[in-house]
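User: I would like to go through this model with you and ask, for each label you attach to a residue or a helix, what value stands behind that label.

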Amino acid sequence: MLKSLTNRPWIAALLVGGLLVAGAVMADYLRSYPADATPTFVGREKCADCHQSEMHAFLGSHHDKAMDLATDETVLGDFNDVTFEHDGLQNRLFRDGKKFMVHTEGQDGQMQDFEVKYVFGVDPLQQYMVEFDRNADTKDDEVARVQVLRISWDTQNKRWFYLRPPDVKEKLEPDDPLHWTGVAQRWQTMCAECHSTNLHRNYDVATQSYHTTFSEIDVSCEACHGPASLHVEMANSKSLFWDRHLGYGLARLKGEDTQPQIDTCAPCHSRRGVLDGTFHGGDSYHDFYSLELLRQDTYHADGQIKDEVYVYGSFIQSKMYHKGIRCSDCHDPHSLELKHKGNETCTSCHQHPAGKYDIPSHHHHAVGSEGAMCVNCHMPHTTYMEVDARRDHSFRIPRPDLSVSLGTPNACSGCHVKDQLESLPAKTQESLPLYQDWLLAAEQGNEQIAKAIAKTDQWCDDACEKWYGENRQTPTHYGETLAALRADDRDAVQKALRLIVRNESLAPVIARATALDEMTDRGHREGVTLAKKLIENHLSGSELQDPILLASAARAIGRAEPRMAKSVLKPLLDEDSRLVRSEAAKALVMSGAYATMVGTERSEVDKILSDVKDELMFASDRAGSHLGWAMLSEQRGRLAEALTAYQNAFAVEPGTTGPRTNLAALLDNIVTSSQQDARAAALLKEINSKLGKSSNIQDWIQRLRAEELPLLGRDANLAPNNPGLQYRYGLALYLAGDLPGAKKQLQRAVELAPEVEDFRMALRLLQEKIDSE
């Protein structure tokens, strides 16, 4: 055969040529980028070259308009020398040449002119931002401190309005953190990360200055798809293939696994803490963020939205999430618009015979009415920022029966509660434009409104019973367990234990983790026992746990005795999830287990705690970050590091409570232990040396406590129903020598939380001291 082929040279040539081509193709395929190749940000223009239809949809979207420079094209508000009044202030909005100006109260309490440098958002409101502290050291591509004005533009009704903080009716003083010049209205602190692409806060603690940068001012392509330099290189190369390891060189958001896409949207659509500020699209959420659980101030007991929680925490409660639905099934990922209009968004998937759902026999409302809209029953909205209605993405069936038993909201009452308006005084009626206003008034103790809501809830429950009869579904709900825990119901613990181990499809992990946290917070030891079992089952592989629940279990073990905590938590330091590793390391410190470790054991924990410090310092412009690190340092015996961190805490936020009290206690401890501990003695000597001859450590301690006292008094007055604050203020008054004042505050703490032994003991000891004098 070979001989016959060689007699035909052209066939041999073809074979050789084919082999050469095949070899070249194979070589082309095998050629790949190094495993550690790092992509960089290139900007939307590079994307638009090939992806013109996607760019066309993106332009003008809320992502595209998330932030911009203030120009004639971007500013929507009326700056034609108009006056706007609030709280007795006559504010003026005007032009100075090309500049947009606001005459309003500054951080010194004086009326001043401020230039609007940036605009924020496009619909239903637009906000305006002023840059402060820009100096010669600020580079051209850096942004200094930026504050967001509370005077905002309603883009739908074309009017100025004053965006008040929730529940604050009085005028904000210039030194209030909620004032527009305060930390709570600071762009870098509250907004920047999710409104720009590749943002780096770059806060310098020593100089208390920002050097913030971003690659694009708004939420552009690479905010979701990840830095695109490698993708662009591949696209422009002469290779026949994408990279065999890196694929397209972008986040994989379209595969069968829905999680990468959801995890890409979640960071900016969730209420969370940051673990690692280097997140790119496609990364695992729980390696970079710590999701806030179903807290009482942010969610209702059954998990419905209360405060603004930005969708993800609601969505993972839903059946939609557990059935594999992802964001782009309903929303166009580039225009952000719904893919269909009206009920078709829902019925495009829920196509049941004879229109099972989109008919009056299901929704019992007139066709075309508001009550016949799927979203109004299954995605009721709550209005934030006065004009911004956000829908609850837990896609729940309305449960008036839970409203009757738990006092939670329901979509039916959300519409029909207005039927009770005529039973209320005219002045009260004016204060109730929204369902959430009714709920808040009832929560704050207005019995008349509470009765009106209860009457509506019962009417809605009766209607559902009449409509659906024996086919009505009212299964056990996790909200019943959370409400029972919070009410200290005697059966709550057993209910919580059953909830925590339920299947994910029956009880979402965010609810199970919340139940475990609240059990242990209330001192129920059964929570610690169950947490131990959950961790052991996970480590053995018999029952793998979601990082959210595993992190809660680690926190629970932080309340165990040191030996148990060490044996249970140490293996979690090797978990893949950064969230779990961080919680395990912190729990080892909190439990006292860290103090029992030596050598390599401590080194292993210290390595994770180094990451924890990075997590905390991501928000180094907030006092809480430094306070958290100071407490961890103090508990590890690193007193000098704790001392510096406490000082940093009140340096970056002088009006915050906590760090001065803690620092005073630490200094007291250093003085006391210096007699026996050489390290404490050396630190005491160093402190006194820095203070100089004109002062001493005792003077410093007294000064710290004196500075803290009015701050604690302010907080106790602002939150009169917070038992912890009343307790702390009572202790501070005691240390200041005001025994009657201390007794009053401790009595209030005991009234609010009679089950807390520390409060009762403090009051008892104080009374004994008063009686002995």
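User: Where does aspartate 167 lie, and why is aspartate 167 called exposed or buried?

Analyst: In this predicted model, aspartate 167 lies in the loop between strand 10 and helix 5 (187-190). Its relative accessible area is 51%, and because exposed means over 50%, aspartate 167 is called exposed. Its backbone also deserves attention, since phi of aspartate 167 is near 70°, a positive value in a residue other than glycine.

User: What makes lysine 158 count as exposed or buried, and what is the value of its phi?

Analyst: Lysine 158 has a relative accessibility of 58%, which is set against the cut-off of over 50% for an exposed residue, and therefore lysine 158 counts as exposed. Phi of lysine 158 is near 55°, again a positive value in a residue other than glycine, and the residue is placed in the loop between strand 9 (151-154) and strand 10 (159-162).

User: Which peptide bond is cis, and what is its omega?

Analyst: The bond that joins aspartate 123 and proline 124 is cis, with omega at about 5°. Proline 124 is found in the loop between strand 6 (118-120) and strand 7 (125-131).

User: How do you know whether tyrosine 203 is buried or exposed, and what does it touch?

Analyst: The relative accessible area of tyrosine 203 is 14%, and because buried means under 20%, tyrosine 203 is buried. The residue lies in strand 11 (residues 203-204), and, leaving aside residues up to four places away in sequence, tyrosine 203 touches Gln208, Ser209, Tyr210, Ser620, Asp621 and Val652.

User: Why is glutamine 545 called buried or exposed, given its place in a loop?

Analyst: Glutamine 545 is in the loop between helix 23 (525-540) and helix 24 (547-557), yet its relative accessibility is 11%, and because the limit for a buried residue is under 20%, glutamine 545 counts as buried. Not counting residues up to four places away in sequence, glutamine 545 touches Arg512, Leu534, His538 and Leu550.

User: How many disulfides are there, and why is cysteine 330 not bonded to the closest cysteine sulfur?

Analyst: The count comes to 0 disulfides. The sulfur of cysteine 330 is 6.7 Å from the closest cysteine sulfur, in cysteine 349, whereas a disulfide requires sulfur atoms within 2.5 Å, so the distance is too far for a bond. Cysteine 412 is likewise in no disulfide, the nearest cysteine sulfur being that of cysteine 464, 4.6 Å away. As for accessibility, cysteine 330 counts as buried at 16%, and cysteine 412 is buried with a relative accessible area of 18%, because the limit is under 20%.

User: What makes the span of helix 27 agree with the expected value?

Analyst: Helix 27 (residues 599-617) has 19 residues, which at 1.5 Å a residue should span 27 Å, and its end C-alpha atoms are 26 Å apart, which agrees. The buried residues of helix 27 are Val605, Asp606, Ile608, Leu609, Val612 and Glu615, and what covers them includes strand 13 (272-274), helix 26 (578-590) and helix 28 (623-635).

User: Why are helix 26 and helix 27 described as they are, roughly parallel or roughly perpendicular?

Analyst: The two helices pack at an angle of about 110°, with their axes 9 Å apart. Because angles of 65 to 115 degrees count as roughly perpendicular, helix 26 and helix 27 are therefore roughly perpendicular to each other. Among the residues that make the contact are Arg578, Arg581 and Ala585 of helix 26 and Val605, Ile608 and Leu609 of helix 27. By class, this contact has 7 nonpolar, 1 polar and 6 charged residues.

User: How do you know that helix 28 has the expected span, and which of its residues are buried?

Analyst: Helix 28 has 13 residues and reaches 18 Å from its first C-alpha to its last, close to the 18 Å expected at 1.5 Å a residue. The buried residues of helix 28 are Ala623, Ser625, His626, Leu627, Trp629, Ala630, Leu632 and Ser633, and they pack against helix 26, helix 27, helix 29 (639-652) and helix 30 (659-673). Just after helix 28, glycine 637 takes a positive phi of about 80°.

Note on methods
Residues are numbered from 1 along each chain as its sequence is written. This is a predicted model: local features need pLDDT of at least 70, side-chain atom pairs count only at pLDDT 80 or more; totals for chains, interfaces and linings use all residues. Side-chain values use heavy atoms; hydrogens and water are left out. Helices (H or I, at least four residues) and strands (E, at least two) are DSSP runs, numbered from the N terminus. The expected span of a helix is 1.5 Å times one less than its number of residues. Buried means under 20% relative accessible area, exposed over 50%, partly exposed in between (1.4 Å probe, protein chains only). Contact means heavy atoms within 4.5 Å. Axes are lines fitted to C-alpha atoms, for helices over the stretch in contact, and angles run from 0 to 180 degrees between N-to-C directions. Angles under 35 degrees count as roughly parallel, over 145 as roughly antiparallel, 65 to 115 as roughly perpendicular and the rest as oblique. Ala, Val, Leu, Ile, Met, Phe, Trp, Tyr, Cys and Pro count as nonpolar, Asp, Glu, Lys and Arg as charged, and the others, Gly among them, as polar.
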